[in-house]
Amino acid sequence: MTRRPQHDARWGIPDPDGDFGPQPIDARKTRLSNIVQETGAKTIHYLYDFGDSWDHVIKLEKWFDNTTTEGLPFLLEAAGRCPPEDVGGAPGYAEYLDAISDATHPEHEHMRLWGPEQFDPNVVDLKALEAAVNALSDIWKPRRHTTRSK
């Protein structure tokens, strides 16, 4: 018997000790495409980095059946550069951008030296992003099972 998840269900990696409240459905046992199809969800909230609380909102605009990617990730488009690691979530990133763009900001020199050299939030390295997404697709592709001859 399979259970149909509710629209407000939570997926994640369950805490082995169960110390942090209700446990999510084990995300290691499904794919995002299955969750979307099973729940009919059009919007998904994805929390990345619990310390900095990056809350991403993923909106499903169109479902493509019979694509050559068959549920594997692929890059449609990209806008903007990823924030530096450990910048302090969305509020910290906003403060970082203010500081590096204003030479009179009290934290300008510190943030300029702390962050990546020549950081421009509008520059996108499409080749690097495509390579990363393609690497994920290669990892997630189903492997052909071969039978061994005796």
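A contact here means heavy atoms within 4.5 Å. The model is predicted.

**Exercise 1. Describe the fold in outline.**
What share of contacts between residues at least 6 apart in sequence join residues at least 24 apart?

Solution.
- Start with the elements: the chain has four helices and four strands.
- Put them in sequence order: β-β-α-β-β-α-α-α.
- Then take the contacts in the chain between residues at least 6 apart in sequence: 49% of them join residues at least 24 apart.

**Exercise 2. Locate the largest nonpolar core.**
Which residues form the largest nonpolar core, and which element gives the largest share?

Solution.
- The core has eight residues: Trp54, Val87, Tyr93, Tyr96, Ala99, Ile100, Met111 and Phe119.
- Helix α2 (residues 89-101) supplies four residues of this core, the largest share.
- Now follow one member. Leaving out residues up to four places away in sequence, Met111 touches Tyr96, Ala99 and Ile100.
- For context, nonpolar side chains tend to be buried together in soluble globular proteins.
- Across the chain of 150 residues, 19% are buried.

**Exercise 3. Examine the surface.**
Is Ile58 buried, partly exposed or exposed?

Solution.
- Place the residue: Ile58 sits in strand β4 (residues 54-59).
- Apply the cut-offs: buried is under 20% relative accessible area, and exposed is over 50%.
- Ile58 has 36%, so Ile58 is partly exposed.
- Find its partners: Ile58 forms a nonpolar surface patch with Leu32, Tyr46 and Tyr48. Together the four have about 380 Å² of accessible area.
- Set this against the whole: the chain's accessible surface is about 12700 Å², and carbon and sulfur atoms account for 53% of that surface.

Definitions and conventions: Residues numbered from 1 in each chain as written. Predicted model: local features only at pLDDT ≥ 70, side-chain atom pairs only at ≥ 80, totals over all residues. Heavy atoms only, no water. Patch = residues over 30% accessible without salt bridge, like charges linked within 9 Å, V, L, I, M, F, W, Y side chains within 5 Å. Areas by Shrake-Rupley, 256 points an atom, 1.4 Å probe, with all protein chains shown as cover. Salt bridge = Lys/Arg side-chain N within 4 Å of Asp/Glu carboxyl O. Helix = DSSP H or I, 4+ residues; strand = E, 2+ residues; numbered from the N terminus. Buried < 20%, exposed > 50% of the residue type's maximum accessible area, 1.4 Å probe, protein only. Core = buried A, V, L, I, M, F, W, Y, C linked by side-chain atoms within 4.5 Å.
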